[in-house]
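Me: I've just opened this one and I'm new to it. Could you walk me through how its parts fit together?

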Amino acid sequence: MSVETKDIIIVGQGIAGSVLALELIKRGKNIIVIDNASLSTSSRVAAGIWNPVVFKRLTKSWMIDELTPCLNEFYSSAEKILGVKFLEERKIAKLFTEEQEINLWKKKVTEDMHDYLSEDILEMHEPTSSKYAIVKQAGNLDTSVFLTATSQCLKVKESYLDETFNHDELKINASGVSYKNILAAEIIFCEGHLVKNNPHFNYIPFKPAKGDVLTISCKQLDIDFILNKGMFIMPLGNHLFKCGATYNWQDLTDVPNPAGKEELVAKLKKLISYEFEVIKHEAGVRPSVIDRRPVIGAHPTHSQLKIFNGLGTKAVMLAPFFAKQLCDYLMEGKELNGEVDVKRFERIY
Ligand SMILES: Cc1cc2nc3c(=O)[nH]c(=O)nc-3n(C[C@H](O)[C@H](O)[C@H](O)COP(=O)(O)OP(=O)(O)OC[C@H]3O[C@@H](n4cnc5c(N)ncnc54)[C@H](O)[C@@H]3O)c2cc1C
């Protein structure tokens, strides 16, 4: 087998690995991505929603003013390069339960939230009777289309290997790493929750959360926004809707959980009075870290090994900004944001 020389090996092609691969290619790096999507992928299950607002206290999502311009620029440019559309700006209709919530909303609009919360309190009659208001600068990424288009692009460039990465075959040497017949200066692990199998980075305190999600068919439901009230209902077209999601910290398999389906169906029945049929039930495991921040940077003793992970519940928003930051760190020696730098866990390595 002839030796292949690459600048960087990426392991994993979920949202993290895909965004990072496209950013590295844009910056002229010769990369190879190794992925076996049949292992487990949270990204293909995700609704792909980006929501700039934390509903609990009606505050801005962490770093949102920096993340939003970056996500719009990154995915729009990726759409042009890959020749398919996967990003859609959509309104989120936040339904209110209590008067208190409405008062808080009105207060926040006059404070620092006016870029993201619309002023008007509206009345919804269908599919449910409720007061609501609109979240602006939100939307969703069709993750399946994005991931498929990215892997096709990588295959055309001969930069894709469809196999399970075997950690026992990774050799670390002074000038970089070698994996089977591939020599590279560095390797970046983007394995999502399967980082638990990575002997170099499994010391990081992940707190993964499984999520079940349903696709339903409902002929009478006619909305073009994402509806949110304790759960989301997102239109997919053709009377299909993605609905979710649950949080489970005990069952960390990605096998759809019947109790998760039951929970979602019960919530849906409360929210919409129409008949619906469950077409698909999926589950994935969110790669969240205990402090709920991404985890990015170099291994404490082998600087050739890097990690880009911990995107938790907000991969769509976080990935473009932090992929750029990781590239600036790799190529220009710029510092990583201390809140995301893997160095914060060095004391427990
Ligand atoms: C139900 C649900 C709904 C969600 N909704 C949203 C949402 O609306 N918006 C949002 O932003 N986020 C959402 N998320 C979170 C989002 O899905 C995750 O943050 C994101 O997918 C993580 O991406 P990743 O690339 O780090 O990991 P993954 O998507 O898990 O990708 C990791 C990839 O690495 C591969 N891999 C791992 N180990 C190996 C190996 N040894 N060899 C080869 N390949 C390997 C895996 O097979 C996989 O393809 C949701 C998650 C769930 C479960």
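Me: Which residues in α7 do Glu66, Leu67, Cys70, Leu71 and Phe74 in α3 meet?

Reply: A quick heads-up: this is a predicted model, where local features need pLDDT of at least 70, side-chain atom pairs count only at pLDDT 80 or more, and totals for chains, interfaces and linings use all residues. Residues are numbered from 1 along each chain as its sequence is written. Helices (H or I, at least four residues) and strands (E, at least two) are DSSP runs numbered from the N terminus, and a contact means two C-beta atoms, placed from the backbone, within 7 Å. By that rule, the α3 residues you list meet Val316, Met317, Leu318, Pro320, Phe321 and Lys324.

Me: How many residues in the contact of α3 with α7 are charged, by class?

Reply: Here Ala, Val, Leu, Ile, Met, Phe, Trp, Tyr, Cys and Pro count as nonpolar, Asp, Glu, Lys and Arg as charged, and the others, Gly among them, as polar. In the contact of α3 with α7, nine residues are nonpolar and no residues are polar, and the charged ones number two.

Me: Is α3 roughly parallel or roughly perpendicular to α7?

Reply: Axes are lines fitted to C-alpha atoms, for helices over the stretch in contact, with angles from 0 to 180 degrees between N-to-C directions. Under 35 degrees is roughly parallel, over 145 roughly antiparallel, 65 to 115 roughly perpendicular and the rest oblique. The axes of α3 (residues 64-82) and α7 (residues 315-332) come within 8 Å and cross at roughly 85°. So α3, relative to α7, is roughly perpendicular.

Me: Is the crossing of α1 past α7 left-handed or right-handed?

Reply: The two pack with axes 9 Å apart at an angle of about 40°, which means α1 is oblique to α7. A crossing is left-handed if the near helix is turned anticlockwise from the far one by less than a right angle, and right-handed if clockwise. For α1 passing α7, the crossing is right-handed.

Me: And is the crossing of α1 and α5 left-handed or right-handed?

Reply: The axes of α1 (residues 15-26) and α5 (residues 143-156) come within 10 Å and cross at roughly 50°. That angle makes α1 oblique to α5. Their crossing is left-handed.

Me: Which residues in α1 meet Thr143, Phe146, Leu147, Thr150 and Leu154 in α5?

Reply: The α5 side is the set you just named. Across from it, the α1 side consists of Ile15, Ser18, Ala21 and Leu22.

Me: Which residues come nearest to the ligand?

Reply: A residue is near a molecule or strand if its C-beta atom, placed from the backbone, lies within 6 Å of it. There are 42 residues around the ligand, and by class they are 20 nonpolar, 18 polar and four charged. Elements that each supply at least two of them include α1, β2 (31-35) and α7. Nearest of all come Gly12, Gly14, Ser43, Gly192 and Gly211.

Me: Between which domains does the ligand lie?

Reply: Domain bounds here come from an automatic or database domain assignment. The ligand's shell takes residues from both domains, so the ligand lies between domain 1 (4-46 + 144-205 + 292-348) and domain 2 (91-139 + 207-286).

Me: How many residues of domain 2 are in contact with domain 1?

Reply: The centres of the two domains, taken over C-alpha atoms, are 31 Å apart. The side of domain 1 that touches domain 2 has three nonpolar, six polar and no charged residues. Nine residues of domain 1 take part, and from domain 2 the count is nine.

Me: Where is proline 127 found?

Reply: The peptide bond leading into proline 127 from glutamate 126 is cis, with omega near 0°. Proline 127 itself sits in the loop between β8 (122-124) and β9 (130-135).

Me: What is the phi of methionine 63?

Reply: Methionine 63 is in the loop between β5 (59-60) and α3. Although methionine 63 is not a glycine, its phi is positive, at about 60°.
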